[in-house]
Amino acid sequence: MNIYFVGLDIGSTTVKIAILDEKKNIVHKEYKRHFSDIKSTVLDIINNSIKYLKNPTIKIALTGSGAVDVAKFFDISFVQEVSACARAIEEYIQDTDVAIELGGEDAKITYFRGNLEQRMNGSCAGGTGAFIDQMAILLKTDASGLDEMAKSHSVIYPIASRCGVFAKTDIQPLLNEGARKEDIAASIFQAVVNQTISGLAQGRPIKGNVAFLGGPLYFLPELRKRFIETLGLAENQAICPGDANYYVALGAALCSEEFEEIQFNNFYDKFTTNTKNSIDLNKKELNPLFVDKSDYEKFIVRHSQNKAKRKSIREYNGNAFLGIDAGSTTTKIVLITQAGEILYTFYGSNEGNPLTSTINALKDMYNSLHNGINICYSTITGYGEHLIKAAIKVDLGEIETVAHYKAANFFLEGVNFILDIGGQDMKCMRIKNGVIDSIMLNEACSSGCGSFIETFAKSLNMSVKDFAEEGTLSQNPVDLGTRCTVFMNSKVKQAQREGATLKDISAGISFSVIKNALFKVIRLKNSESLGEKIVVQGGTFYNNTVLRAFELVTGREAVRPDIAGLMGAFGAALIAKERYNSNVKTTLLGLNDLNSFTFATSLERCGHCGNNCLLTINKFSDNRYFISGNRCEKGAEKYIESEKKEPLPNLYKY
């Protein structure tokens, strides 16, 4: 009688199955991402295995972070991941001294020589497959695209890998200052290496024959290369078996040898019947965003009243004022009249290159203008302010908080409280007597910002708009807390295993965004401290579910302008109008100059002191330079003429 050994690995992002015959040969294997739909993916994989099993007797074991509840529900034996992986290594690659395994949300190091020791990440999922996926989205690619980019790198930047949130904080300025994506891609992989070695090995040497296992290390050769170079391994010491991404499933299949035999047909019938008939039990933890559809429609009508005045660009003749907001993930442009009416707007992703995005947007704007419109003055704000101001000669630079206040006060004069949630930053401003009294910003963590929602939506193969609309009529929003995207994936998986729908998760994330802003960033004690006149803005507030969550959590109604995502640029345009002097002529590059404008980016070490700063050198087509990365003026002196000053007095001698 033929007996097959089946290992089913239900991970945080993928499902793997491995089927072995009595001689431990692999009969069938399959690897599939589940995109949070674990139930359907497991059914598909089992259905695809039928033709290989042909009604034999089987022994089966489940493993993986998503398999615990499944094993209990169907009364199937469960094996811990680390034990399954160790079993496969002992069977197939006995010469291994140390095994490094990276999964979707976990990382493990197993030492086989001396005392057997296994180390695994705890609550932190930084430096894992999900971390890499998020960084790839930031660079507008996927994990394999990241690997392809890394092949052409020339320099490694220091990037935090504690989690995706902190890494974005390091990566975004590099993008905004013109660093090459190829170098950033390799730096991301190096960050994963650093996190794994420092966070798990914690000083214990990784030497000898090292096996690299798990999906990320199997599918991303450049990631393996970073490990190999960092650990100083010889070519014959790096082991990456052909089935490296299946090793946990293979180990589970090998471990199943100790369990009871069952007939596959009986198992299949029980599994499919129970899965289809299982009742989804939702625990109602949060109130719904909207009671019913009419409640939603009233909400839409109320918030459709706060609209900016607009003027046809064809009908207008006279002076105009330009505002540019070079944000962390988007580029925004607003052109206004002398009366503050909007003539032209642009809102789009900067595609990781804010300078190019701004130039393209300005070209489009110039092509829309006629000779009767004169751009008198311009102001820029946002992350990319310094680079873009230098490149295209914008007249003024202004900090974001002032620009956002100017715009908010334009819509609601005497505003007390402003909450702005952007792509990667979050700021709240309290206003007293027309002056910004206090400002609070998110620091290293961008959990709950626009990129947080965007990343999660893309992980489900959905647009942000479609994902947000799903949550409007949810009756059982899931309480997901205020954790960052990487951590929250586990919470979502748990909610889905308990029967939560996509609507419930979408609504739950909207609550999480607001709770993160109010309780982690602002540290709100009571809603009275918000004041009576509240303005919410930033691209994230285009999401109706986020706005509704804010009103429900605070118990206050807020004003959301119809240009919520353009408020920084609109405020910058208002500042340009206020500070314009008829005796001053704008320095902003015109269309002809922009058409011939080019720039090149290079890197070099300063070398003027022990810091030896890594300089990012942007050279513009008119032989001007913009230098970043320098901690003092010495790094720029070689390229930019500095004002000669009298030497500072020798205080010691004095």
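The following paragraphs lead through a predicted model of a protein, from its overall form to its sheets, its charged pairs and its cysteines.

The protein has 654 residues, and its radius of gyration is 28 Å; a compact globule with that number of residues would have a value near 26 Å, which agrees. Along the principal axes, the C-alpha trace spans about 95 × 70 × 50 Å. The secondary structure consists of 23 helices and 22 strands. Of the 654 residues, 55% count as buried. The contacts also show how the chain is folded back on itself in sequence terms: among those between residues at least 6 apart in sequence, 68% join residues at least 24 apart.

A suitable place to begin is strand 8, which comprises residues 210-213. This strand is covered on both faces, with Val 210 and Phe 212 buried on one side and Ala 211 and Leu 213 buried on the other. Strand 5 (residues 98-102) runs parallel to strand 8 and is joined to strand 8 by 4 bridges. Within this pairing, Ile 100 has Phe 212 of strand 8 as its bridge partner. Strand 8 is also joined to strand 9 (residues 238-239), again in parallel, by 2 bridges. Here Ala 211 has Ile 239 of strand 9 as its bridge partner. Two of the buried residues of strand 8, Phe 212 and Ala 211, thus appear in these pairings, Phe 212 with Ile 100 and Ala 211 with Ile 239.

Another sheet is found further along the chain. Its 4 strands form an open sheet in the order 18-17-16-19, with mixed pairing. Strand 18 (435-441) and strand 19 (534-537) each have a single partner strand and stand at the edges, so one side of each has no neighbour in the sheet. From one strand to the next, the twist averages 15°. Between the edges, strand 16 (residues 417-421) and strand 17 (residues 426-432) run antiparallel and are joined by 5 bridges. In this pair, Phe 417 stands opposite Arg 430 of strand 17. A helix accompanies the sheet: helix 15 (residues 400-411) lies across strand 16, strand 17, strand 18 and strand 19, and runs at about 60° to strand 17.

Charged side chains form a further set of links. The whole structure contains 29 salt bridges. One of them joins Asp 133 and Arg 33, with a distance of 3.0 Å from N to O. Because Asp 133 belongs to helix 4 (residues 129-138) and Arg 33 to strand 3 (residues 26-33), this pair ties together parts that are 100 residues apart in sequence. Arg 33 is partly exposed, with a relative accessible area of 37%.

The pair formed by Glu 101 and Lys 108 is set in other surroundings. Their closest N and O atoms are 3.4 Å apart, forming a salt bridge. Glu 101 is buried, at 7% relative accessible area, and Lys 108 is buried as well, at 2% relative accessibility. Both residues belong to a network of salt bridges that links Glu 81, Glu 101, Asp 106 and Lys 108. A further salt bridge joins the side chains of Glu 148 and Lys 151, at 3.2 Å from N to O. Lys 151 counts as partly exposed, at 47% relative accessibility.

The cysteines present another case. A search of the whole structure finds 0 disulfides. A disulfide is a covalent bond between the sulfur atoms of two cysteines. For such a pair to be counted, the sulfur atoms must lie within 2.5 Å. The sulfur of Cys 609 has its closest cysteine sulfur in Cys 632, at 5.6 Å, which is too far for a bond. For Cys 613 the closest cysteine sulfur is that of Cys 609, at 5.9 Å, and this too is too far for a bond. Cys 609 is partly exposed, at 37% relative accessibility, whereas Cys 613 is buried, with a relative accessible area of 10%.

Finally, Lys 520 offers an example of separation along the chain and in space. This residue lies in helix 19 (residues 502-521) and is partly exposed, at 37% relative accessibility. Lys 520 and Ala 569 are 49 residues apart in sequence, and their C-alpha atoms are 27 Å apart in space.

Terms used: Residues are numbered from 1 along each chain as its sequence is written. This is a predicted model: local features need pLDDT of at least 70, side-chain atom pairs count only at pLDDT 80 or more; totals for chains, interfaces and linings use all residues. Side-chain values use heavy atoms; hydrogens and water are left out. Buried means under 20% relative accessible area, exposed over 50%, partly exposed in between (1.4 Å probe, protein chains only). Two strands pair if DSSP finds at least two bridges between them. Axes are lines fitted to C-alpha atoms, for helices over the stretch in contact, and angles run from 0 to 180 degrees between N-to-C directions. Contact means heavy atoms within 4.5 Å. A salt bridge is a side-chain nitrogen of Lys or Arg within 4 Å of a carboxyl oxygen of Asp or Glu. The radius of gyration is taken over C-alpha atoms; the globule rule is 2.2 Å times the number of residues to the power 0.38.
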